[in-house]
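Q: Please take a close look at one part of this model, the open sheet, and describe how its strands are ordered and what packs on the sheet.

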Amino acid sequence: MSRLIIVSNRVAPISEGGPAAGGLAIGVYDALKETGGMWFGWSGDTQSGPIEPIKLEERGPVTFATIALSRRDYEQYYRGFSNAVLWPTFHYRCDLAHFERQEFDGYRRVNRWLADQLVPLIRPDDVIWVHDYHLIPFAEALRARHVANRIGFFLHIPFPPAQLLLTVPPHEELMRALCCFDLVGFQTEGDLRAFVDYIEHEAHGQVERRIDARVCSVRAYDRTLRAGAYPIGIYPDEIAQLAAVGESASYVRNLKATLHERQLIMAVDRLDYSKGLVERFRAFEKLLEATPARRNKVSFVQIAPPTRADMNAYQDIRLQLEAEAGRINGRFAELDWAPIRYIHRQYERQVLAALFRISDVGYVTPLRDGMNLVAKEYVSAQDPDDPGVLVLSRFAGAAQELHGALIVNPADLAGMADALDRALSMPLVERRQRHADMMTQLRENNVSVWRDHFLGDLRLPAPATG
């Protein structure tokens with residue numbers, strides 16, 4: 001079988017039992033370590049002088065190929081266009097987007113430069129799988145360098161409706177570049193529909209989709225490609241094992257001891273304005289307002305590791321969240337109880353799995369999210385004999401699959417409070433049934449299925465150009 005080359009903005013320093021990584025890193029590494037191949041991308045380092053050559057590191061069946069960025073490239077490509085324009089716009093927050101033409105030029109320049117670094121490493125039969133919004137122009141850059149390999153793209157974050165995408169000044173250049181891939185994959189059918197809508201109504205392209213097909217054929221910008229929805233999965237039984245082993249660890253016993261038999265609501269998110277953290281805190285406050293009997297009977301733990309700490313929007317959300325936690329605790333806390341424990345640090349994956357397992361409620365309420373693997377990991381970590389309940393935003397891609405969750409709208413604080421109350425009171429029989437249904441779904445659509453479906457479709461012959 002041909003070798004697989006994964007290309008992503010960041011090659012995460014993943015190690016078994018190391019710090020918990022994001023959804024892209026977990027999904028990509030779990031997919032790659034089964035098949036073997038190469039993972040290429042930015043090392044996470046920035047250098048002020050000449051950039052050192054690519055560093056190659058063999059780790060089992062995977063070769064990690066990493067390279068640093070210059071400070072200028074980091075500012076324009078990563079901090080600038082990728083995260084000051086694409087991230088907020090694709091998460092429906094175009095009010096937070098800040099476009100500068102020179103940053104878009106830097107975005108394209110870095111994609112071309114990264115393509116230059118990869119080309120010498122490519123073999124004729126390699127299959128190249130590019131990931132996420134940082135690298136939309138990557139296939140266009142490879143094609144300009146006469147790379148004829150099959151090249152696929154998977155977007156881990158939401159794809160916005162056409163009217164939002166139009167707020168990005170170079171939207172047509174982005175979409176033209178996106179159509180240089182052979183296959184473009186999205187998390188949900190809704191994301192795929194948004195892409196198709198743009199192609200048909202803004203690019204004046206053609207889309208054909210058979211009812212029995214997983215993908216559609218797209219003709220736009222003088223290119224023919226495929227597009228489809230491929231919801232990313234996890235290995236649920238692996239998470240369950242981690243959780244069961246970690247349940248007896250000292251940190252879990254210590255947390256249990258400090259709870260004093262109180263029920264536990266657990267949430268884990270990167271510190272990001274798309275995650276709905278402030279709304280989540282305020283909904284918990286409404287629960288305590290509306291149901292005084294819950295006071296001193298339930299604790300809410302929010303773990304929010306830092307991310308993009310050098311960007312103003314992220315500094316603002318951290319300050320706002322700290323203020324909300326302090327205000328709510330000041331209002332309801334007692335000498336022996338603080339309603340909210342807000343923790344701004346990172347924990348290892350098995351620690352989080354064990355914490356999920358002992359909690360009564362998983363609280364996952366993003367304002368907008370491509371998939372949200374935390375929701376899937378929470379379900380997987382549960383004790384099937386006494387599982388917790390997942391409260392999940394309808395705007396997470398996972399809501400399309402996890403029908404056993406209590407689905408909420410994060411704009412409705414009272415509705416979220418009601419869902420928390422219901423989750424905390426749910427009978428054991430109902431909890432078991434909901435959990436079993438979701439575990440069936442997670443096993444049927446694990447990360448191997450995601451990988452195999454995408455790569456199987458990528459390896460298909462190019463669609464007819466009729």
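A: What follows describes the sheet, then the helices on it, and then the nonpolar cores. In this predicted model, ten strands form an open sheet in the order 3-4-2-1-5-6-7-10-9-8, and their pairing is mixed. The edges are taken by strand 3 (55-59) and strand 8 (206-208), each of which has a single partner strand, so one side of each is left without a neighbour in the sheet. From one strand to the next, the twist averages 25°.

Within this order, strand 7 (residues 183-186) and strand 10 (residues 223-229) run parallel and are joined by four bridges, and Val184 stands opposite Ala227 in strand 10. Helix 2 packs on the sheet through contacts with strand 1 (4-10), strand 2 (37-47) and strand 4 (62-70), and its direction makes about 100° with that of strand 4. Helix 3 (residues 101-118) also packs on the sheet, touching strand 1, strand 2 and strand 4, but its direction makes about 140° with that of strand 4.

Turning to the cores, the largest nonpolar core has 65 residues, and those with the most contacts inside it are Phe138, Phe159 and Phe195. Helix 2 (residues 71-90) supplies the largest share of this core, namely eight residues. Leaving aside residues up to four places away in sequence, Phe159 touches Phe90, Tyr92, Leu165, Met175, Leu178, Phe186, Asp191, Ala194 and Phe195. A second core, separate from this one, has 59 residues, including Val351, Leu355, Val379 and Ala396.

Conventions. Residues are numbered from 1 along each chain as its sequence is written. This is a predicted model: local features need pLDDT of at least 70, side-chain atom pairs count only at pLDDT 80 or more; totals for chains, interfaces and linings use all residues. Side-chain values use heavy atoms; hydrogens and water are left out. A nonpolar core is a set of buried Ala, Val, Leu, Ile, Met, Phe, Trp, Tyr and Cys residues joined through side-chain atoms within 4.5 Å. Buried means under 20% relative accessible area, exposed over 50%, partly exposed in between (1.4 Å probe, protein chains only). Helices (H or I, at least four residues) and strands (E, at least two) are DSSP runs, numbered from the N terminus. Contact means heavy atoms within 4.5 Å. Two strands pair if DSSP finds at least two bridges between them. Axes are lines fitted to C-alpha atoms, for helices over the stretch in contact, and angles run from 0 to 180 degrees between N-to-C directions.
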